[in-house]
Amino acid sequence: MANFLIILFIMSLIYVAKVEMVKSYFSLMAVQGIILFGLAYVELKENEIVQLIFILVETLIFKAIFVPIFLSRITKDKIHRHHSGPIKGYYSVLFSTAIIVISFLCGYMLHDELGTDADLQAKYFTAAISSILVGLFIAINNRDLVTHLISYLIIENGIFLLSLALGSSMPMFVNAAILLDIFTSVLIMGIFFNKMKDYFQNTDSSQLSQLKD
Amino acid sequence: MLLYSFFGLTAILSLTAYFVKSRNINHGITLAYVGLMGVLGYYLTQHVGKPLNIFFYCDTLGLIFYFILLLVTLVSSIHYIKFVTFRDIKPNVESLHNAGTIFFTGAIVGVLLTSHFGILWAFMEATTLGASILIYHNRTSESLEATWKYLFICSIGIALAFAGVLFLGLAGQQVRNIDFSFSTIRSVSTELNPVWLKACFLLIVTGFSVKLGLVPLFNVDIDAKDASPSQVGASLSSVLMNAGFIAIYRFYEAFSHTSILPWMNKLLMITGILSLFFSAVYILKVKNVKRMFAYSSMEHAALVLIAFSCGGIGYFAAILHLIMHSLVKASLFFQVSQMHRIYDSKLDEKIGSYLRVNPLGGIVLLLGFLSIIAMPPSGMLISELMMFQSLIANNYWWIAILVLLMVLLIIYGLAIKMLGIVFLKKSSASINIRGVTNFESVIQLVLIIIVFYIGLFRPEIIVQSINSAIQSLPS
Amino acid sequence: MVTVFNLALLISFGVFILPKKWKYPLSIILHLLLVASTTSWAIEAFTTDGVTIPLGISTWSGPVTMVIDRLSAYFILIINLICLCGILYAGGYLKPYMSKKRAVFISLHLFSFLWLHGAILLVTTMRDGIAFLLAWELMSLFSFILVIFEGQKESTLKTGINYLLQMHLGFALIMIGFLIANNQTGHLSFDGVASYFSMQKNILLFLIFFAGFGIKAGFIPLHSWLPRAHPAAPSHVSGVMSGVMIKMGIYGIFRVVSLLQDSLMAIGIIVLVIGIVSGLMGVIMAIMQHDLKKLLAYHSIENIGIIGMGLGIGILGKAVNDEALMIMGLAGALLHNLNHALFKSLLFFTAGNVYYATHTVNMDSLGGLIKNMRYTSIAFLVGALAISGIPPFNGFISEFLIYSGILHHLPLADFSMSLVGIGTLLGLVLIGGLCIYCFTKAFGMSFLGTRRSEITQQVDEVPKGMLIPAVLLIGLILSIGLRAPFFGGLMVDILEQLPGINPSNLIREEISHSLTMTSNIHILLLLITAGLVLIRLWAQARVKVTTGPTWGCGYSAGDFRHQYTPTSYADSLRQIVDPLIDYQRNYKSFGETEIFPPPKTFHTESKDLIEEKTILSWVNLLTRYLPRAGVAQSGLINHYLIYPMLFLLILGLLTFLNVI
Amino acid sequence: MLSLTLIFIASIYFPGIIVKVKALTSGRKGPGILQPWYDIFRLFKKGSVYSTSSSFVFQIGAVVYFSSVLVAALFIPFEENDALFSFTGDFILFAYLLGLGRFLIILSALDVSSGFEGMGANREAFYSLLIEPAFFIMFSALAMFTGYSSFHDIFANLHYDNYFSIMIAIIAGYVLANITLVETSRLPVDDPLTHLELTMVHEVMVLDHSGFDLALIKTATNLKFVLFSTLSANCLIPQALALWERVAIFLVLQIAFAAGIGWFESFRARNKMAMNAQYILSVSAVAMVLIFVIIIIKNRI
């Protein structure tokens with residue numbers, strides 16, 4: 001089950017690389033949220049109920065439902081197609097594939113550093129790293145603010161996967177704080193994003209370059 | 001318990017400050033908050049070295065930085081009062097700014113006092129949010145851009161840092177199921193798997209570099225200090241820098257008794273030298289005074305890391321340097337806001353013969369210049385001397401020469417611009433004399449004179465507290 | 001006395017508060033306080049063998065104590081004398097600025113002048129590393145502020161910054177030297193250096209110190225700040241800087257040399273060669289200048305070179321343990337410090353008078369001042385004769401000591417040493433001849449003949465107050481010339497106290513004998529001259545003495561344009577030293593079809609080839625190409641994410657491959 | 001005192017002989033031996049004209065020039081301890097005293113603001129700068145050779161025992177003779193009889209001097225001439241002989257020297273100005289040869 005979901009997640013990453021329409025990003029985010037929920041569910045089946053509810057909130061409510069809707073709300077008018085960066089079309093797909101291969105290599109190399117149930121952890125690990133790197137790659141490759149937000153969320157997903165993989169034993173309210181942080185940062189980014197739209201009619205970040213030396 | 005109530009009060013006060021639109025009450029709240037910090041400070045002095053509760057404790061380093069925070073916050077809020085009287089600021093902007101100040105300060109207090117890596121991370125994120133509010137103060141396109149960049153890059157950096165924390169968790173989990181408090185990690189650090197510790201530290205340095213304003217994430221930090229009002233720039237380059245340093249320091253200290261110590265030192269050294277190089281390049285290049293000061297903060301952070309990575313007396317030098325840099329750089333940024341009032345420009349070719357226009361301010365700028373280029377009587381001379389001492393003690397000859405060269409270039413760049421501002425007669429300068437207020441300059445002068453005092457007379461209290469702060473590090 | 005010293009430095013802050021007209025008197029009083037306290041200590045140190053005075057404050061290296069041995073005391077006396085003359089002179093020189101400049105500039109200037117005095121005093125008396133370094137850097141700092149007194153001019157400010165940077169470099173070198181010693185011995189002080197020398201090879205550490213102190217002293221090729229800073233500074237500052245401040249470099253080198261243990265031969269040769277080169281290049285460059293103060297600045301380099309030669313042969317004397325060579329060399333070097341301080345400050349003050357009266361120091365437009373400024377020109381003439389090492393003045397005495405040291409050694413020298421000796425001798429002779437060449441030019445062109453440009457304003461003698469220091473200095477210059485044995489003995493007493501030097505009575509006899517003869521001859525010379533003057537008066541009283549126009553060799557319409565100019569005077573030398581200087585002529589030659597040519601201009605300048613080759617080329621390279629590396633701050637946010645990614649990947653890879 | 005008297009005696013007939021010889025070689029009868037001194041005495045009695053642009057420096061220039069040469073004369077020894085002053089390195093003071101005179105004469109030339117005299121002053125300074133090394137090298141070489149470094153001791157200990165030292169004597173004599181020619185500005189460096197100011201060195205400097213001052217200068221020049229010739233004579237006269245023999249040889253040598261100069265000058269043209277620097281430097285080079293000869297003799301190599 002977990003393996004299947006991980007494969008799915010990685011496929012979604014490849015798909016992210018070739019997205020043309022901003023809308024499809026949002027659906028993709030929702031999909032990833034659901035996948036993450038599935039993974040979390042598989043991981044924490046036998047844990048206590050509070051943890052479960054928390055995960056539920058974090059993944060389904062927040063990642064899968066709130067964020068996509070929020071984003072589609074703030075970008076509803078006239079932003080359909082994002083400005084793709086210097087690396088276009090299938091090249092970017094090739095890149096993200098390469099990144100995924102690299103992260104597989106990483107997972108393989110670090111396999112024996114991992115302790116108990118290394119095999120499963122290695123898979124999570126691979127997915128997480130590839131997600132973070134792909135997120136960074138997208139952010140670097142695109143000049144569009146929405147895409148930047150998306151890439152941030154992808155990186156956050158990767159980190160969530162990492163936390164699953166490493167089964168980190170953070171205290172409850174630290175998790176809460178983390179969730180809150182992500183939440184607020186997305187919120188504030190959204191707000192600024194709106195202001196940005198008012199200021200510079202479209203959302204090409206190359207306009208945000210008056211501060212430089 | 002008092003600590004929790006402090007954080008609670010922070011939240012309440014910042015909310016009230018946000019909703020109250022009356023100017024006087026607003027500033028009153030800020031000052032009241034500073035008073036509250038004073039109370040907490042007294043409480044902390046009683047509990048040095050003791051855990052305050054499960055997630056917080058107060059060590060000497062935290063205390064030192066706490067009092068610097070107190071001082072800088074006090075001064076900057078006073079300056080903000082002056083600031084709003086000179087600019088016509090909308091009440092809602094002002095109240096948001098005060099709320100942000102309180103929130104930001106509270107977050108930094110959390111960073112300084114926590115004893116838990118997770119919470120450290122959480123408060124770091126909080127500082128980002130608070131800072132972004134402060135940066136957005138001017139509501140110009142510049143500030144908007146700076147805020148966006150700062151927020152975005154910081155969030156990614158913070159995310160990477162969190163990945164680092166998770167690696168630490170992985171390492172801990174392999175030993176036995178442990179919590180993330182400094183003491184626990186330090187006690188078991190020798191058993192932890194060095195690979196994960198390295199991964200953790202690498203990601204932490206990368207993520208928090210944005211707070212210290214170092215390579216690889218320095219860019220947005222510079223922009224933020226440029227586009228925000230000067231007193232915000234002051235706190236960003238003094239207290240936030242300290243916070244970033246203490247964050248890295250916590251991890252370093254926890255791992256410092258393991259086999260990866262040399263590796264960590266090398267990593268910090270590389271980071272420091274890269275940052276020094278870029279700061280030198282840009283100080284030679286920039287035209288904008290605030291950006292120049294931002295780059296000089298970057299330079300000093302780099303020097304701190306270089307000294308710190310040498311170990312031994314370098315630890316002492318690093319912390320001493322941070323203390324003094326916070327005071328000097330804060331006062332310089334405050335002075336910049338006055339210059340901006342007088343000349344209505346941040347470009348150095350439009351600012352000239354400042355000593356003639358505003359003698360006291362000119363003196364402040366001159367002394368500040370002497371301080372940041374580590375000329376006596378500035379104490380930075382002492383800390384840089386110690387830095388070179390530690391470099392030579394480790395036989396890092398080439399690094400010493402490189403650092404010397406870079407520092408000379410930086411001094412050249414700073415001198416050309418700052419002394420030009422102080423003395424040169426610039427034709428393109430348009431002067432509005434009513435911006436001159438000696439009151440502010442006197443405050444800044446006091447800050448600089450503290451640094452001179454430290455440099456000349458070696459105050460015992462500071463020496464002892466630094467020594468006790470670094471005693472847990474390997475000698 | 002300690003309280004007096006501290007109080008003087010403390011009250012100095014009052015300069016900022018006082019109203020404008022009280023600032024100068026206050027600073028004079030404070031200078032006097034400093035002079036009184038330190039002079040008393042110095043004299044005590046001469047009578048006893050050394051005093052230590054705790055100042056009652058403590059810095060990062062513990063309590064600050066002044067340790068005054070005879071060497072320090074000697075320098076203290078020089079410092080006090082020159083600084084006092086400087087501040088006395090400043091009173092007149094600053095008068096025009098008092099009204100022009102804002103109060104803060106005046107007070108900053110006076111404050112810095114006082115603290116420069118104090119800092120130099122501290123430099124000579126601190127033995128502990130950190131205190132010494134602090135004092136050293138304070139000295140550089142305040143001299144820098146004094147240099148940029150005219151800081152509103154861009155050229156002046158640039159010069160000042162250049163100066164500041166070079167001083168900082170020197171400071172860094174000295175600091176590293178101390179730290180190396182500290183690293184080995186655990187003492188960050190001159191004692192630490194001494195014990196390092198007894199443990200390790202000396203030459204490396206010595207060279208580091210020599211470079212550090214040499215920048216301050218202005219040895220070629222570390223000299224490039226000097227000919228820029230001195231002309232830029234006001235004259236009393238140039239006088240003090242060139243008179244005492246650059247001597248601090250010599251002082252430091254003396255200290256370090258006195259601690260040396262091994263590889264003396266190599267060190268001696270190095271110092272000697274650098275000294276000879278500095279002396280020759282200094283005076284050659286001086287001859288090429290048009291700017292009077294720049295000419296004097298280059299002469300400072302030349303005199304530092306002479307001191308270096310004395311020092312070098314002194315070290316060599318220690319190496320081949322020939323006492324005469326060692327003592328006479330070192331004594332000559334020491335005495336030349338005093339001499340140079342005297343006549344160089346005298347010359348700078350008189351040059352300042354010229355600037356005060358004519359508002360220019362460009363020799364091409366000067367001339368004939370001797371008629372308007374009689375006393376100034378007499379003072380300058382004395383200074384010129386003294387600096388050219390011409391009897392009966394003081395410059396000759398110190399050079400004579402160095403000469404006679406070499407002459408004592410030559411008969412028993414081996415091959416290499418005899419070559420070294422002859423080389424040094426040759427160097428000194430050439431320097432002497434070039435000095436005569438240079439100062440006949442300097443004096444003749446700026447004071448004799450007639451004015452070389454249309455007289456714009458009436459030139460008058462400066463106020464009497466500005467001549468007082470000159471009188472004082474001339475008195476001392478003559479007294480050294482006529483009382484040489486006393487001063488020679490004094491030098492030997494000073495050297496006696498340094499470790500590893502104990503002069504025998506034989507050498508004392510020798511020195512005092514030859515110096516006594518010299519002084520007697522000087523007196524005789526003066527007497528004969530006076531007698532001849534009387535005879536001449538008597539003779540001319542009995543015949544007809546008239547005045548007429550200068551014999552123009554048949555051409556009667558000559559005017560000031562027909563005079564020799566500084567450039568043409570220097571030209572015959574320029575032709576043989578051409579490869580050593582970067583000489584440039586800027587003019588437009590006559591076109592073939594120009595029947596009625598318009599007025600043309602002709603301008604020559606000689607740049608400092610050594611400076612250009614050693615320093616400027618590198619600095620320009622760095623400052624021009626480094627900013628081009630600034631591509632990181634592109635302003636595009638997606639670039640900003642490349643750096644962390646690269647950072648993570650590269651460092652992760654390096655870690656994985658165990659490179660770091 | 002003997003040396004002084006000899007110097008004065010020599011200086012009386014020295015210039016006359018040169019003039020006489022030149023006249024005879026050019027087929028003229030020529031003036032009497034003492035004619036130059038008659039001129040000088042006449043000048044002493046004459047009044048003088050001063051340039052309007054001159055100052056007190058011009059007035060004292062000649063006096064200092066003369067007195068410096070006079071004092072320098074007191075250093076010259078002839079026999080056992082008869083030099084008034086003799087101490088280690090006295091030849092340095094000797095040279096620097098002449099330097100003092102030169103300094104002042106140059107200044108007084110510059111004082112009259114005449115282009116010609118400025119040119120002369122410049123040349124004087126330049127040539128003396130170039131010739132001084134020769135003098136110093138030569139005497140320090142002799143110091144190396146004899147082991148003493150004062151005129152008197154040097155000459156007292158010049159023993160020409162082997163042929164090498166004869167070589168020394170020859171070279172030293174040659175160098176000193178050349179130094180004399182340059183210092184007193186005779187041919188081939190300077191032609192005192194030329195009538196074109198542009199080619200003069202020493203004469204053009206004193207164009208504006210007249211009466212007493214001019215007389216002083218001429219006297220000083222003659223004196224200087226004899227000083228140097230005495231030095232070269234001291235190099236050549238063996239110390240072993242009896243006093244009267246040496247005095248005789250001295251006088252003969254002086255006459256021969258003067259005659260030689262006259263002869264030389266009447267058959268040799270002046271150098272091109274550009275050639276002078278090279279010519280003078282070559283003298284110093286020859287002096288350097290002396291050093292190496294001595295290093296070889298003393299086998300220090």
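User: In this predicted model, which residues of α1(B) meet which residues of α2(B)?

Analyst: On the α1(B) side they are B:Leu2, B:Phe6, B:Leu9, B:Leu13, B:Thr16 and B:Ala17. Their partners in α2(B) are B:Asn26, B:Ile29, B:Thr30, B:Tyr33, B:Leu36, B:Leu40 and B:Tyr43.

User: What makes α1(B) roughly antiparallel to α2(B)?

Analyst: Helix α1 (residues 2–19) and helix α2 (residues 23–46) of chain B pack at an angle of about 170°, and their axes are 10 Å apart. Angles over 145 degrees count as roughly antiparallel, so α1(B) and α2(B) earn that description.

User: Let's move to the other end of chain B. Which residues of helix α19 (residues 460–470) of chain B are buried?

Analyst: There are B:Ser465, B:Ile466, B:Ala469 and B:Ile470. A residue is called buried if 20 or more other C-beta atoms lie within 10 Å of its own.

User: How do you know that they are on the same side of α19(B)?

Analyst: The arc they cover around the axis is only 125°, which puts them on the same side of the helix. A general point helps here: an α-helix has 3.6 residues a turn, so residues three or four places apart point the same way.

User: What does the buried side of α19(B) pack against, and what does the face turned away from it carry?

Analyst: The buried residues pack against α3 (60–86) and α13 (313–343) of chain B. The face turned away carries the exposed residues B:Glu460, B:Ile461 and B:Gln464.

User: Which residues have the most contacts inside the largest nonpolar core?

Analyst: They are B:Ile319, C:Ala135, C:Met139 and D:Met138, in a core of 606 residues. Helix α6 (residues 141–175) of chain B gives the most to this core, with 21 residues. As for B:Ile319, leaving aside neighbours within four places in sequence, its contacts are B:Leu61, B:Ile466, B:Ala469 and B:Ile470. Of these, B:Ile466, B:Ala469 and B:Ile470 appear among the buried residues of α19(B).

User: How do you know that the radius of gyration of chain B agrees with a compact globule?

Analyst: For 475 residues, a compact globule would have a radius of gyration near 23 Å, and chain B has 21 Å, which agrees. The C-alpha atoms of the chain fill a box of roughly 70 × 55 × 40 Å along the principal axes. Of its 475 residues, 67% count as buried. Among contacts between residues at least 6 apart in sequence, 81% join residues at least 24 apart.

User: How many helices and strands does chain B have?

Analyst: Chain B has 19 helices and 0 strands.

User: Why is B:Phe457 called partly exposed?

Analyst: B:Phe457 lies in helix α18 (residues 438–457) of chain B. Buried needs 20 or more C-beta neighbours and exposed needs 12 or fewer; B:Phe457 has 14 inside 10 Å, so it counts as partly exposed.

User: Which is exposed and which is partly exposed, B:Asp344 or C:His359?

Analyst: B:Asp344 is partly exposed, because it has 14 other C-beta atoms within 10 Å. C:His359 is exposed, because it has 11, and the cut-off for exposed is 12 or fewer.

User: What is the phi of B:Asp344 and of C:His359?

Analyst: B:Asp344 has a positive phi of about 55° although it is not a glycine. It sits in the loop between α13 and α14 (354–357) of chain B. For C:His359, also a residue other than glycine, phi is near 60°. Its place is the loop between α15 (323–358) and α16 (369–372) of chain C. In general, most residues other than glycine have a negative phi, and most peptide bonds are trans.

User: Where are the cis peptide bonds to B:Pro216 and C:Pro221?

Analyst: One joins B:Val215 and B:Pro216, with omega about 5°; B:Pro216 is in the loop between α8 (194–212) and α9 (218–227) of chain B. Another runs from C:Ile220 to C:Pro221, with omega near 10°. C:Pro221 is in the loop between α10 (203–217) and α11 (226–232) of chain C.

User: Which chains share the most contacts?

Analyst: Of the 4 pairs of chains in contact, chains C and D do. Here 67 residues of chain C are in contact with 67 residues of chain D. α22(C) gives the most to the side of chain C that touches chain D, with 15 residues.

User: How do you know that chain B and chain D do not touch?

Analyst: Contact calls for C-beta atoms within 7 Å. No contact joins these chains, and their closest C-alpha atoms lie 42 Å apart. Chain A and chain D do not touch either, with their nearest C-alpha atoms 57 Å apart.

Methods:
Residues numbered from 1 in each chain as written. Chains lettered and ligands numbered in written order. Predicted model: local features only at pLDDT ≥ 70, side-chain atom pairs only at ≥ 80, totals over all residues. Core = buried A, V, L, I, M, F, W, Y, C linked by C-beta atoms within 7 Å. Helix = DSSP H or I, 4+ residues; strand = E, 2+ residues; numbered from the N terminus. Contact = placed C-beta atoms within 7 Å. Rg over C-alpha atoms; globule rule 2.2 N^0.38 Å. Arc of directions from axis to C-beta. Axes fitted to C-alpha atoms, helices over the stretch in contact; angles between N-to-C directions. Parallel < 35°, antiparallel > 145°, perpendicular 65-115°, else oblique.
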